[in-house]
Amino acid sequence: MTQDADPRRRFSSTADRYRRWRPSYPPALLDWIAATAGLCAGASVADIGCGTGISARLFAGRGFVVTGVEPNAEMRARAEPAPGVRYLPGEASATGLPAGSFDLAAAGQAFHWFPIPETLREFSRILKPGGWCAAFWNIRAGAGMMREYEDLLQKFNPGYSALPKPEETIAALRATDGVIDAVEGEFPNSQTLDLEGFIGRVYSSSYVAPGILDGGSFERELLRLFAAHQKDGAIQFQYSARALCWRLRK
């Protein structure tokens with residue numbers, strides 16, 4: 001099975017696993033974004049590429065009014081409702097949101113799929129004067145099991161290395177004309193996963209189910225990896241939660 005190159009459709013088959021097994025973000029990351037952007041209670045946040053609403057709910061939990069925008073119908077259908085959050089169809093370069101209406105335009109685990117020039121034009125359109133942008137990711141980190149898992153992806157998915165990466169996106173954003181006041185933050189994060197959660201987390205990635213060659217061998221390697229590194233029936237998935245905040249020159 002080939003991977004769908006269109007990021008708007010890549011997650012259709014993984015939406016349930018994404019909702020259940022994707023990690024949240026550390027409170028320190030959300031606090032840092034809010035402080036950097038100078039957000040106060042009641043601030044308006046556009047969460048672009050919101051998926052199942054992980055970051056949208058976190059922003060709303062801090063007293064912000066959040067509009068989540070997600071192009072994938074399957075993901076949007078599984079976005080969990082929460083006070084202060086609404087979910088709408090739309091794309092990064094064509095959100096359908098009103099102009100000059102948001103204090104922050106944010107994207108969690110998504111900006112590497114966006115066309116940068118078109119997205120920044122749209123962010124500039126929907127932001128209030130002086131508004132901020134934020135892009136952030138949980139990036140797998142650490143040695144040991146995490147390194148071995150990365151090696152399995154490289155081995156069993158020939159297209160994996162060509163996928164867009166957060167680090168490349170951060171560098172591209174910093175180099176883009178009109179991006180000003182860019183600052184970065186980085187915070188540790190982790191998930192504790194039993195075997196079901198580990199398998200669910202693996203298959204929540206859009207490049208696994210449709211992109212893995214020899215699925216039987218891949219799953220045997222996953223079981224071996226879990227058995228080698230589990231403690232009391234669970235393993236730790238380690239991340240570096242990395243963010244870039246910036247403003248746009250008008």
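**View 1. Strand 1 and strand 2 pair in the parallel sense in this predicted model.** Five-residue strand 1 spans residues 44-48, and strand 2 covers residues 65-69. The two are joined over 5 bridges. One of the pairs to look for is Val45, whose bridge partner in strand 2 is Val66. Between the two strands, the chain passes through helix 3 (residues 54-61), and this β-α-β crossover is right-handed.

**View 2. Strand 1 also pairs with strand 4.** Strand 4 comprises residues 102-108 and runs parallel to strand 1, with 3 bridges joining them. Here Ala46 has Ala105 of strand 4 as its bridge partner. Strands of a sheet pair through backbone hydrogen bonds, in either a parallel or an antiparallel manner.

**View 3. The residues of strand 1 point to two sides.** Ser44, Ala46 and Ile48 point one way from the strand, whereas Val45 and Asp47 point the other way. Is strand 1 enclosed or open to its surroundings? Because 5 of its 5 residues are buried, strand 1 is largely enclosed by the rest of the structure.

**View 4. The open sheet is formed by 7 strands.** The order of the strands is 3-2-1-4-5-7-6, and the pairing is mixed. Strand 3 (85-88) and strand 6 (179-193) are the edge strands, each of which pairs on one side only. On average, neighbouring strands of this sheet are turned by 20° against each other, direction ignored.

**View 5. Strand 6 and strand 7 run antiparallel.** Strand 7 consists of residues 235-248, and 13 bridges join it to strand 6. Within this pair, Thr192 stands opposite Gln236 of strand 7. Helix 7 (residues 166-174) packs on the sheet and touches strand 5, strand 6 and strand 7. The direction of helix 7 makes about 15° with that of strand 7.

**View 6. Helix 3 lies across several strands.** These are strand 1, strand 2, strand 3, strand 4 and strand 5 (127-140). Relative to strand 3, helix 3 runs at about 150°.

**View 7. Helix 2 (residues 27-37) has a set of buried residues.** Which residues of helix 2 are buried? They are Leu29, Leu30, Trp32, Ile33, Ala34 and Ala37. An α-helix has 3.6 residues a turn, so residues three or four places apart point the same way. The cover over the buried residues of helix 2 includes helix 3, strand 4, strand 5, strand 6 and strand 7. After helix 2 comes Gly38, which has a positive phi near 65°.

**View 8. Helix 6 packs with helix 9.** Helix 6 (residues 145-156) and helix 9 (residues 215-229) meet at an angle of about 175°, and their axes are 11 Å apart. The two helices are therefore roughly antiparallel to each other. From helix 6, the contact is made by Met145, Glu148, Tyr149, Leu152, Leu153 and Phe156. From helix 9, Ser217, Phe218, Glu221, Leu222, Arg224, Leu225 and His229 take part. The residues of this contact comprise 8 nonpolar, 2 polar and 3 charged.

**View 9. Asp181 and Asp232 have positive phi values although neither is a glycine.** Asp181 is found in strand 6, and its phi is about 55°. With a relative accessible area of 38%, Asp181 is partly exposed. Asp232 lies in the loop between helix 9 and strand 7, with phi near 55°. Asp232 counts as exposed because its relative accessibility is 75%, where exposed means over 50%.

Terms used: Residues numbered from 1 in each chain as written. Predicted model: local features only at pLDDT ≥ 70, side-chain atom pairs only at ≥ 80, totals over all residues. Heavy atoms only, no water. Axes fitted to C-alpha atoms, helices over the stretch in contact; angles between N-to-C directions. Helix = DSSP H or I, 4+ residues; strand = E, 2+ residues; numbered from the N terminus. Parallel < 35°, antiparallel > 145°, perpendicular 65-115°, else oblique. Contact = heavy atoms within 4.5 Å. Nonpolar A, V, L, I, M, F, W, Y, C, P; charged D, E, K, R; others polar. Buried < 20%, exposed > 50% of the residue type's maximum accessible area, 1.4 Å probe, protein only. Pairing = 2+ DSSP bridges. Right-handed = clockwise from strand over helix to strand, strands pointing away.
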